[in-house]
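The following note collects points on strand pairing, helix packing and overall composition for a colleague's consideration. Each point may be read against the coordinates.

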Amino acid sequence: MKHSETEKGYHKNNSKDRPVTSDGDPLIVGIGASAGGLAALEAFFAHLPDEVGMKMAFVVMQHLAPDYKSIMGELVEPHTTLRICDVADGMSVLPHTIYFCPSSGDLTLQEGRLQLKKRSAFRSMRFPIDAFFNSLAQDQGDRAVCILLSGAGTDGTQGLRAIKAAGGMSLVQDPNSAEHKSMPLSAIATDLADHVLIPEKMPECLADHMRNAPQGRSSQDEHATEEDKKLLHRVFALLLAQTGHDFSGYKLNTISRRIERRLSVHQIDSLEEYLQYLHHNPLEVEALFREIPVGVTGFFRDPGAFESLREKVIPHLFAGKNASAPVRVWVPGCSTGEEAYSLAILLREQLEELKQPIDVQIFATDIDSRAIEHARAGLYPVAITADVSKERLRFFNHYPDCDAFQVQRAIRDMIIFAEHNVVGDPPFSGLDLISCRNLLIFMDTELQKKIKHLFQYALNPEGFLFLGTSETLGKSADLFTAVDRKWKIYRRKEAVASPSPRNILQFFHTPSRVPSVVPPKNRSGNMGRAVERILLEQYAPAGAVIDPRGEIIYIHGRTGKYLEPAPGEGNLNIVQMAREGLAVELTAAIRKAASQKKRVQSRGLQVEGNGMTSTVDLTVDPFAWDSPSHGDLLLVVFEDVAVSYRADDPREDPALASDEAAATAEPDADGRFVTLERELRAKEQYLQTVIEELESSNEELQSTGEEYQSTNEELETSREELQSVNEELITVNAELQENVENLSRSNNDMNNMLAGTGVGIVFTDYRLRIQRFTPLAAKVINLIEGDLGRPIGHVGSNLVGYDRLEEDVQRVLDTLVPQETEVQTKEGQWHLMRVLPYRTTEGVIEGAVINFIEITDMKRLQQGIRRLAVVVRDSNDAVTMYDLQGQILAWNPKAERLYGWTEEEALQMNIRSTVPKGKRREALDMIKKLAENEKLEPFRTERLTKDDETVDVWMTATILLSKDRKQPYAIATTERRVR
């Protein structure tokens with residue numbers, strides 16, 4: 001099945017040929033299929049509409065042995081009108097085509113071209129589906145589509161995460177319809193699959209997606225219309241109201257891609273319709289929220305960056321630390337925890353080198369609760385072996401039954417995972433390292449600046465900041481100095497003052513409702529705004545926003561007539577800054593407004609300042625602002641109500657006389673009396689406030705006395721609880737005694753179980769000293785009870801021709817690679833000796849296990865098979881055997897003479913090489929019939945020789961079944977030439 005590629009495309013030369021042009025970019029769909037995937041592929045392509053296939057390209061990834069020649073394309077071909085193509089390096093992806101990856105290479109996608117690299121001979125574990133899906137996500141972004149079908153293992157799960165993080169679409173086969181469920185179940189467990197369907201239903205879903213799919217890669221330079229921005233901000237408001245998280249500071253492009261995905265899933269045409277859908281479906285708001293966080297992460301992502309961190313940062317973190325001064329690290333946006341665990345492993349390695357009892361505290365946070373739960377469990381698929389070195393796998397426990405690795409408890413205990421929003425929640429403090437990689441790039445410039453200031457505030461002097469490779473300091477370069485510019489590692493500048501907690505507060509809650517002066521450059525072009533500005537600056541009263549203690553948070557207008565800085569250290573308390581005649585009333589008004597939560601007004605106050613006396617109305621009003629981080633606030637307003645006059649002027653207050661007499665009237669006693677009466681009333685109100693506060697204080701003291709009484713009662717209760725704990729300890733001691741007895745019984749059960757297995761087992765420690773053995777093992781290597789504790793090399797052997805036991809056990813302990821050897825006793829019995837490392841539940845190697853499994857009957861069977869092989873070899877008929885994909889497994893001498901290929905040549909071939917093109921359909925039909933256990937009579941057919949000569953043969957074909965007689969695995973044939 002060889003195909004060439006031209007600029008216009010090329011289709012296989014048969015009845016389904018049609019020209020394929022390269023105009024327009026096809027929607028590229030990556031398909032991962034392994035064991036049992038053939039039936040799923042056939043069902044999928046059989047139901048794929050031709051108009052959908054014309055606009056899509058499919059790349060099928062399988063699990064194949066390096067030397068295996070797949071015929072999957074030929075088996076799928078009868079079920080589709082799409083052309084079938086084997087991948088070649090550098091091949092462009094064209095629509096209306098199914099590409100099959102050969103077994104000899106690793107496939108990725110780059111700039112719309114398939115890149116095929118020779119498979120490395122040194123990689124023990126391969127995850128070809130993950131590798132291709134990752135490259136598909138990186139190359140196609142939100143246009144990427146992946147499908148996971150039947151298969152064993154977890155390959156494809158990590159790639160699906162990458163596709164979803166890029167905004168793409170994912171389909172997973174319903175496990176109930178899959179022959180092997182591991183791959184679909186692993187993908188479904190991520191909770192990222194858009195649809196879980198049987199293969200027959202997937203094409204319909206693809207057709208819907210194609211109609212709504214983005215037409216090109218999204219760009220940061222694209223700009224939404226003003227109407228779209230308004231709608232997006234209404235979406236942000238819904239998200240904030242339901243989830244408590246504010247995404248208004250994220251780049252619109254980032255959020256838009258996520259929303260487009262939801263539009264495609266629900267087949268909604270416009271953002272306005274989707275907004276209405278959100279209003280009526282709270283669950284969709286939650287689904288959109290789950291879609292927004294970026295879940296792309298991995299162990300030791302960018303290995304060079306982590307190596308630089310290990311060399312240039314990690315040693316400095318422990319400088320000057322001791323048991324009472326822990327190393328503190330924060331990982332915001334930790335997703336499923338891989339990066340946090342990577343840092344924990346680096347820190348654990350450093351602790352092992354230092355050999356000092358230094359505490360390490362790692363705070364890993366994210367807004368996605370499900371990701372946090374995943375991270376806490378620390379359970380990851382075997383695909384992590386592509387990122388974690390063999391040396392560092394010692395920090396994981398391997399569970400083959402679920403095909404997964406779990407981070408060891410010692411590493412998990414170093415990390416505290418918690419839900420936390422870096423945008424709105426209070427930051428951690430006193431940190432030595434912050435690792436925030438690939439989170440800031442999704443936020444706009446202003447929010448990035450605020451968060452970098454927050455990081456600078458949270459770090460200790462000379463603390464470190466670790467960013468992603470796509471992130472920069474930008475306008476915050478004055479806060480940090482570079483340690484490694486390439487890998488974005490920075491250090492907090494000690495000379496730069498950290499912003500105060502109040503400033504940090506203002507970074508995240510800009511008081512948009514408080515008036516502010518418009519800069520001159522924005523004052524032209526709008527008369528309405530200009531008028532508003534003049535009224536605001538020249539006619540609106542002055543005022544200030546304060547907290548209940550009187551600390552000023554914001555000042556509006558000219559307040560110099562009412563406030564002046566107090567002498568001494570800098571102070572922003574409004575009472576201490578109040579001018580003469582204002583302080584008493586201001587204090588009373590603040591206390592009353594704060595306690596009663598209502599507006600308080602004092603009119604006609606005489607305020608002296610700069611040699612002038614002013615009549616002022618004072619208003620203190622609770623300030624309603626939707627920022628819970630500030631707590632209760634108060635708005636203080638000063639308003640002049642009369643013309644000021646000099647303090648030494650004998651004239652009366654013009655507010656108490658007519659305008660005509662104001663300039664000439666003598667001081668009026670009644671006016672002074674009114675003023676004195678007003679001041680007296682103010683004093684009375686102040687005294688009343690003081691009395692109320694004293695009464696309140698008295699009540700608090702009484703409450704304190706009651707609390708002391710309650711504390712005394714609690715202490716008495718604690719004494720009783722201690723007595724109860726003592727009794728519990730006695731109970732626990734009894735339970736421990738019972739556990740000892742249970743352990744003794746378990747030990748007896750273990751001894752009896754080992755004796756009854758029929759397998760000889762010997763346990764040794766890491767010094768090769770015998771710890772335990774079963775009776776059968778004693779017969780193989782002459783063991784007695786007195787040999788316990790002796791080195792295994794000092795024990796006499798009952799084996800013939802084998803004296804390497806001690807060396808083989810030591811080699812297994814050195815390499816951790818199990819070893820198998822067939823050995824024979826002096827009595828003529830054969831055993832399979834298997835030596836394995838002895839691992840504890842924490843993955844520590846404490847010795848070796850030697851198993852002796854009797855295989856005497858199997859050896860006799862092998863001898864019988866050899867005799868049968870002699871019969872086959874000397875047969876006058878050509879005898880061949882090949883698997884269900886056509887790979888030749890057996891080829892006797894008569895077949896060599898009949899067809900011309902030697903046995904060595906034939907074992908590298910596929911049986912189709914011996915079948916004339918006109919007979920290939922007949923051969924495929926024969927394979928399918930035999931696979932369905934249909935009996936075939938001997939029949940006449942044709943075969944090709946090595947010299948390309950066609951010969952007539954009589955063929956008898958037989959299906960070979962597995963041990964349980966249920967699963968066919970190969971076909972055997974006898975062939976005789978027709979003379």
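1. The first point concerns a sheet in this predicted model. Three strands form an open sheet in the order β4-β7-β6, and their pairing is antiparallel. The edges are taken by β4 (91–92) and β6 (105–110); each has a single partner strand, so one side of each is left without a neighbour in the sheet.

2. Within that sheet, β4 runs antiparallel to strand β7 (residues 113–118), and two bridges join them. The register can be checked at M91, whose bridge partner in β7 is L114. A helix is also associated with these strands: α4 (residues 128–140) lies across β6 and β7 and runs at about 15° to β6.

3. A second open sheet of three strands should be considered alongside. Its order is β13-β15-β14, again with antiparallel pairing. Here β13 (379–381) and β14 (396–399) are the edge strands, each pairing on one side only. On average, neighbouring strands of this sheet are turned by 30° against each other, direction ignored.

4. How many bridges support the pairing of β13 with strand β15 (residues 404–407)? The two strands pair in the antiparallel sense over three bridges. One residue pair that fixes the register is L379 with its bridge partner Q406 in β15. As general background, strands of a sheet pair through backbone hydrogen bonds, either parallel or antiparallel.

5. Strand β25 (residues 633–640) deserves attention for its pairings with β21 and β24. Strand β21 (residues 542–546) runs antiparallel to β25 and is joined to it by five bridges; in this pairing, I546 has L634 of β25 as its bridge partner. Strand β24 (residues 612–623) also runs antiparallel to β25, with eight bridges between them. There, T619 stands opposite V637 in β25.

6. A hairpin is formed by β33 and β34, with four residues between the strands. In its turn, G886 has a positive phi of about 95°. Strand β33 (residues 878–883) and strand β34 (residues 888–891) pair in the antiparallel sense over three bridges, and the bridge partner of T880 in β34 is W891.

7. The next point is helix packing. In general, two packed helices are described by the angle between their axes and the distance between the axes. For helix α9 (residues 252–266) and helix α11 (residues 282–291), the axes come within 9 Å and cross at roughly 130°. The two helices are therefore oblique to each other, since only angles over 145 degrees count as roughly antiparallel and 65 to 115 as roughly perpendicular.

8. The crossing of α9 and α11 is right-handed. Which residues make the contact? On the α9 side they are R258, I259, R261, R262 and H266, and on the α11 side E284, A287, L288 and E291.

9. Finally, some totals for the protein chain. It has 28 helices and 37 strands. Of its 979 residues, 43% count as buried. The chain exposes about 52,000 Å², of which carbon and sulfur atoms supply 51%. Among contacts between residues at least 6 apart in sequence, 62% join residues at least 24 apart.

Note on methods: Residues are numbered from 1 along each chain as its sequence is written. This is a predicted model: local features need pLDDT of at least 70, side-chain atom pairs count only at pLDDT 80 or more; totals for chains, interfaces and linings use all residues. Side-chain values use heavy atoms; hydrogens and water are left out. Two strands pair if DSSP finds at least two bridges between them. Axes are lines fitted to C-alpha atoms, for helices over the stretch in contact, and angles run from 0 to 180 degrees between N-to-C directions. Buried means under 20% relative accessible area, exposed over 50%, partly exposed in between (1.4 Å probe, protein chains only). Contact means heavy atoms within 4.5 Å. Accessible areas come from the Shrake-Rupley method with a 1.4 Å probe; for residues, only the protein chains shown count as cover. Angles under 35 degrees count as roughly parallel, over 145 as roughly antiparallel, 65 to 115 as roughly perpendicular and the rest as oblique. A crossing is left-handed if the near helix is turned anticlockwise from the far one by less than a right angle, and right-handed if clockwise.
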